[in-house]
Amino acid sequence: MPTDSDQIELSEHELREIAGYAAECARRTLAIFEQSLPADSRPRDAVDAAQAFAVGGRRTAALRQDAWAAYRAAREAVPPAAADAARAASHAAAAAYLHPKASAHQVKHILGAAAHASRAEELASGADPCVTAGTLDWACRHAPPAVGVVLGRLPPAPSGGGRVGELLRVLDAALRA
């Protein structure tokens with residue numbers, strides 16, 4: 001099992017696949033955010049920036065700024081579902097900055113968008129367990145090979161993190177299986 005101080009291999013192709021996956025997961029919940037704050041484009045900008053990186057764009061300061069802007073939008077969002085949708089967008093843009101370190105924290109960079117998107121859909125549905133299960137199933141079925149391969153180089157998802165942490169660990173276990 002790798003330790004937090006170990007370095008892992010991480011190709012640019014894998015990084016782009018992970019960012020594209022994160023963008024897809026977050027894009028599913030943009031409408032949840034936009035219903036509450038239709039004039040706030042920060043989460044959509046972050047998802048679009050992550051997708052642009054995934055298809056060959058450069059990893060720039062603007063991409064990192066879009067991630068932080070979506071994070072700020074999450075902090076300003078009042079409905080919890082909208083906040084998690086914005087966090088998913090923030091994690092999507094931040095996925096481009098996954099570090100080649102064997103740290104459990106890096107699992108959050110890979111699966112944070114999917115976990116927050118799952119939570120946003122769960123909250124928006126009134127905590128319908130069928131919606132949550134469907135969202136998690138979708139996230140597992142749409143994960144590109146690089147997600148499972150890179151997760152296999154990392155320790156398991158860390159403990160804690162409340163409900164989003166639980167969803168993160170469910171996804172992590174499923175994608176490693």
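Which residues does K108 touch, not counting residues up to four places away in sequence? The first close-up takes that up, and every view here comes from a predicted model.

**Close-up A. K108 and its contacts.** Here we're looking at K108, which is found in helix α6. Leaving out residues up to four places away in sequence, K108 touches H91, P158 and L168. Take P158: K108 and P158 sit 50 residues apart in sequence, yet their C-alpha atoms are 8.5 Å apart in space. K108 itself is partly exposed, because its relative accessible area is 34%.

**Close-up B. E121, a buried residue of α6.** Stay with helix α6, which covers residues 105-124 and has E121 in it. Is E121 buried or exposed? With a relative accessible area of 13%, E121 falls under the 20% cut-off, so E121 counts as buried. Setting aside its neighbours within four places in sequence, you'll find E121 in contact with R28, T29, I32, V131 and T135.

**Close-up C. The largest nonpolar core.** This view gathers up 49 residues, which form the largest nonpolar core. Y21, I110, L111 and V147 are the ones with the most contacts inside this core. Several helices chip in with two or more residues, among them α3 (42-54), α4 (61-76), α5 (80-94) and α8 (145-151). The largest share, 8 residues, comes from α1, the helix spanning 12-27.

**Close-up D. L111 and a separate core.** Now let's zoom in on L111, one of the residues with the most contacts inside the largest core. Not counting residues up to four places away in sequence, L111 touches Y21, V147, L151, L168, L171, D172 and L175. Elsewhere there is a second, separate core of 11 residues, including I32, A74, A77 and A81. I32 also turned up in Close-up B, as a contact of E121.

**Close-up E. Helix α7 against helix α9.** Two helices pack together here: α7 (residues 129-141) and α9 (residues 162-176). Their axes are 10 Å apart and meet at an angle of about 45°, which means α7 is oblique to α9. The crossing of α7 past α9 is right-handed. On the α7 side, the contact is made by T132, L136, A139 and C140. On the α9 side, look for R163, L167, V170, L171, A174 and L175. What kinds of residues make up this contact? They divide into 8 nonpolar, 1 polar and 1 charged. You've met L171 and L175 already: both are touched by L111.

Note on methods
Residues numbered from 1 in each chain as written. Predicted model: local features only at pLDDT ≥ 70, side-chain atom pairs only at ≥ 80, totals over all residues. Heavy atoms only, no water. Axes fitted to C-alpha atoms, helices over the stretch in contact; angles between N-to-C directions. Helix = DSSP H or I, 4+ residues; strand = E, 2+ residues; numbered from the N terminus. Parallel < 35°, antiparallel > 145°, perpendicular 65-115°, else oblique. Left-handed = near helix turned anticlockwise from the far one by under 90°. Contact = heavy atoms within 4.5 Å. Nonpolar A, V, L, I, M, F, W, Y, C, P; charged D, E, K, R; others polar. Buried < 20%, exposed > 50% of the residue type's maximum accessible area, 1.4 Å probe, protein only. Core = buried A, V, L, I, M, F, W, Y, C linked by side-chain atoms within 4.5 Å.
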